[in-house]
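Student: I would like a close look at one part of this structure, namely its salt bridges. Please describe the pairs one by one, with their place in the chain and their exposure, and say how far the model may be trusted there.

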Amino acid sequence: MSAEAVGAGQDTYEGGLRKVARVVLLDPQDRILMLHGHEPDDPADAWWFTPGGGVEGDETREQAALRELAEETGITEVELGPVLWRRRCSFPFAGRRWDQDEWYYLARTERTAVAATGLTELERRSVAGARWWTCPELGRAHETVYPTRLAGLLRTLLDEGPPARPVILDPEIV
């Protein structure tokens with residue numbers, strides 16, 4: 001399923017699930033930043049996903065979200081907002097199965113230039129770039145996007161603001 005799963009091997013697990021922090025990064029025009037990933041040995045097996053990755057060692061999910069965002073995009077001028085959504089997912093990627101508990105944080109930035117300078121070796125083989133998407137563009141996308149309901153979730157976020165408590169998304173098993 002996704003390069004969103006790629007870690008350095010020292011990720012933190014809880015109850016058998018990899019702890020993951022993801023970032024819903026919005027620019028001043030309310031576009032969301034998505035990364036384009038693919039299977040390392042099959043670029044045709046591709047998808048779009050939000051920046052983020054595994055919690056390492058004793059770092060908090062907030063620290064992981066900011067670290068991953070910096071590594072994957074070069075963007076550091078953000079302040080994390082609340083956790084918007086939580087999701088459990090399971091998928092094959094790079095020859096193994098990944099079982100994850102993902103928390104999606106809201107963040108905003110003025111900076112739209114992206115420079116992925118801190119990618120792991122596996123991420124360099126599986127992340128093909130980044131793009132800012134409008135909500136209507138996401139809704140019309142023919143490509144695979146994770147989480148699968150992202151266009152509707154983003155529309156609700158933009159219309160209603162962040163939820164009072166994180167919304168628990170349906171599990172996704174690929």
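Tutor: In this predicted model, Arg155 and Asp159 form a salt bridge in which the closest N and O atoms are 3.2 Å apart. Both residues belong to helix H4, which spans residues 150-160, and their spacing of 4 residues corresponds to about one turn of the helix. Arg155 is partly exposed, at a relative accessible area of 35%, while Asp159, at 54%, is exposed. Confidence in the protein is highest in H4, with a mean pLDDT of 98.

A second pair joins Arg87 to Glu172, with an N to O distance of 3.0 Å. Arg87 is part of strand E6 (residues 79-93) and Glu172 of strand E11 (residues 172-173), so this salt bridge ties together parts that lie 85 residues apart in sequence. Arg87 has a relative accessible area of 1% and is therefore buried. Glu172 is also classed as buried because its value, 12%, falls under the 20% limit.

A third pair consists of Asp30 and Arg108, whose closest N and O atoms are 2.8 Å apart. This pair too links distant parts of the chain: Asp30 sits in the loop between strand E2 (17-26) and strand E3 (32-39), Arg108 sits in strand E7 (residues 96-108), and 78 residues separate them. Asp30 is partly exposed, with a relative accessible area of 27%, and Arg108 is likewise partly exposed, at 43%.

Beyond such pairs, Glu56, Glu59, Arg67, Glu68 and Glu71 are linked in a network of salt bridges. The structure holds 13 salt bridges in total. As a general matter, side chains of opposite charge can pair when their charged atoms come close.

As to confidence, the protein has a mean pLDDT of 89, and 95% of its residues reach 70 or more. The lowest mean, 74, belongs to helix H2 (residues 121-126). Over residues 1-8 pLDDT stays under 50, although the model has 46 contacts beyond four places in sequence for this stretch. Where pLDDT is low, the predicted coordinates should not be read in detail.

Notes. Residues numbered from 1 in each chain as written. Predicted model: local features only at pLDDT ≥ 70, side-chain atom pairs only at ≥ 80, totals over all residues. Heavy atoms only, no water. Salt bridge = Lys/Arg side-chain N within 4 Å of Asp/Glu carboxyl O. Helix = DSSP H or I, 4+ residues; strand = E, 2+ residues; numbered from the N terminus. Buried < 20%, exposed > 50% of the residue type's maximum accessible area, 1.4 Å probe, protein only. pLDDT = per-residue confidence, 0-100. Contact = heavy atoms within 4.5 Å.
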